[in-house]
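Visitor: I'm new to reading protein models. Could you walk me through this one?

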Amino acid sequence: MNRFNSMKIGTKILIICLILVIIPSLVIGSVSYIIASGAINDQVDSNLVTLTNGIQSMTSQSYDLSKTKLDSDLNLLRNRFAEYGAPSITGGKIAYGSHVVNDNFEVVDSVEADMGSKATVFQKTGTTAIRVSTNVIGADGKRAIGTEVSGPVYDAVVNKGQTYYGTADVVGKKMVVAYEPIKNARGEIIGILFVGVPEDNVYGPLKQEILSSKIGENGYLYVINSQGTLLIHPTQTGENMGDEDFVKQMIADKNS
């Protein structure tokens, strides 16, 4: 303060003027920065919400369309068999009326010809179900006769009597699938009807939309399932991130 008092009047005026200019400028600049940062963050948040809502809507539409397709294919497969009569086990084989299904591919092939879908009949055998008629081709180039249905599908369809929808590895190929029980005249489950379409045919456009979506300059969207496996990712599809803390938190909060 003594040093300031000893200054010439002109110097004092200059310092005071500088203070009066600099301090308001700093305040205004700080406020402007905060406002601008907030506006940018709000814009990013708004864009992100709009983008994720759009993807959610597309996902819902894709699921609805795939379920409609599967239901239609199941109805066709069921009705074509039903034209022969009621299902039963006759001579150790599945039959509709007098039409024996085992190793008879007429109906399943007609569904593929008309609808482009894979179709299979499984026969319940002990505690599993075996393919006895199918147009699913294995890695050896032959029909996948004799292969078993998966445990989760068997439990849902045979043990619980439910129609199962989902995605599955069908003889090495990713497919969107539906399985429903075959019941005889007494209501006993004797087998399973299956229809499926390649996953890429159903969800391919959705995957491409997600992969092409950008957040800012370098951000991107990805899809992860409840086990932490990346279903859609630009570079890491198929990898599991279930041990990451943020993934654990997302899985814990998925139903909240």
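Visitor: What pLDDT does the protein average?

Guide: Keep in mind that this is a predicted model, and pLDDT is the predictor's own confidence, on a scale from 0 to 100. Here 67% of the residues score at least 70. Over the whole protein, the average pLDDT is 78.

Visitor: Where in the protein is confidence highest, and where is it lowest?

Guide: Let's start at the top: strand E2, residues 93-96, has a mean of 97. At the other end, the mean drops to 53. That lowest value belongs to helix H1, residues 2-5.

Visitor: How many contacts beyond four places in sequence does the model have for residues 25-29?

Guide: Across residues 25-29, pLDDT stays under 50. Where pLDDT is low, the predicted coordinates shouldn't be read in detail. Residues 14-21 also stay under 50, and the model has four such contacts for them. For residues 25-29, the number is zero.

Visitor: How many helices and strands does the protein have?

Guide: The protein has 256 residues, and 30% of them count as buried. Its secondary structure comes to six helices and 12 strands.

Visitor: Is Asp73 buried or exposed?

Guide: Asp73 sits in helix H2, which covers residues 9-82. Leaving out residues up to four places away in sequence, Asp73 touches Met115, Ser117, Val195 and Val197. Buried means under 20% relative accessible area. Since Asp73 comes in at 0%, it counts as buried.

Visitor: Why do the buried residues of H3 line one face of the helix?

Guide: The buried ones in helix H3 (residues 106-115) are Val107, Val108 and Val111. An α-helix has 3.6 residues a turn, so residues three or four places apart point the same way. Looking down the axis of H3, its buried residues line one face because they fall within an arc of 100°.

Visitor: Which exposed residues are on the face of H3 turned away from its buried side?

Guide: Go round to the face turned away from the buried side of H3, and look for residues over 50% relative accessible area, the cut-off for exposed. Just past the helix comes Gly116, with a positive phi near 75°. The exposed residues on that face of H3 are Glu106 and Ala113.

Visitor: How does Met250 count, at 39% relative accessibility?

Guide: Met250 lies in helix H6, residues 245-252. With Tyr220, Tyr222 and Phe246, Met250 forms a nonpolar surface patch of about 360 Å² accessible area together. Values between 20% and 50% fall between buried and exposed, so at 39% Met250 counts as partly exposed.

Note on methods
Residues numbered from 1 in each chain as written. Predicted model: local features only at pLDDT ≥ 70, side-chain atom pairs only at ≥ 80, totals over all residues. Heavy atoms only, no water. Patch = residues over 30% accessible without salt bridge, like charges linked within 9 Å, V, L, I, M, F, W, Y side chains within 5 Å. Areas by Shrake-Rupley, 256 points an atom, 1.4 Å probe, with all protein chains shown as cover. Salt bridge = Lys/Arg side-chain N within 4 Å of Asp/Glu carboxyl O. Helix = DSSP H or I, 4+ residues; strand = E, 2+ residues; numbered from the N terminus. Buried < 20%, exposed > 50% of the residue type's maximum accessible area, 1.4 Å probe, protein only. Contact = heavy atoms within 4.5 Å. Arc of directions from axis to C-beta.
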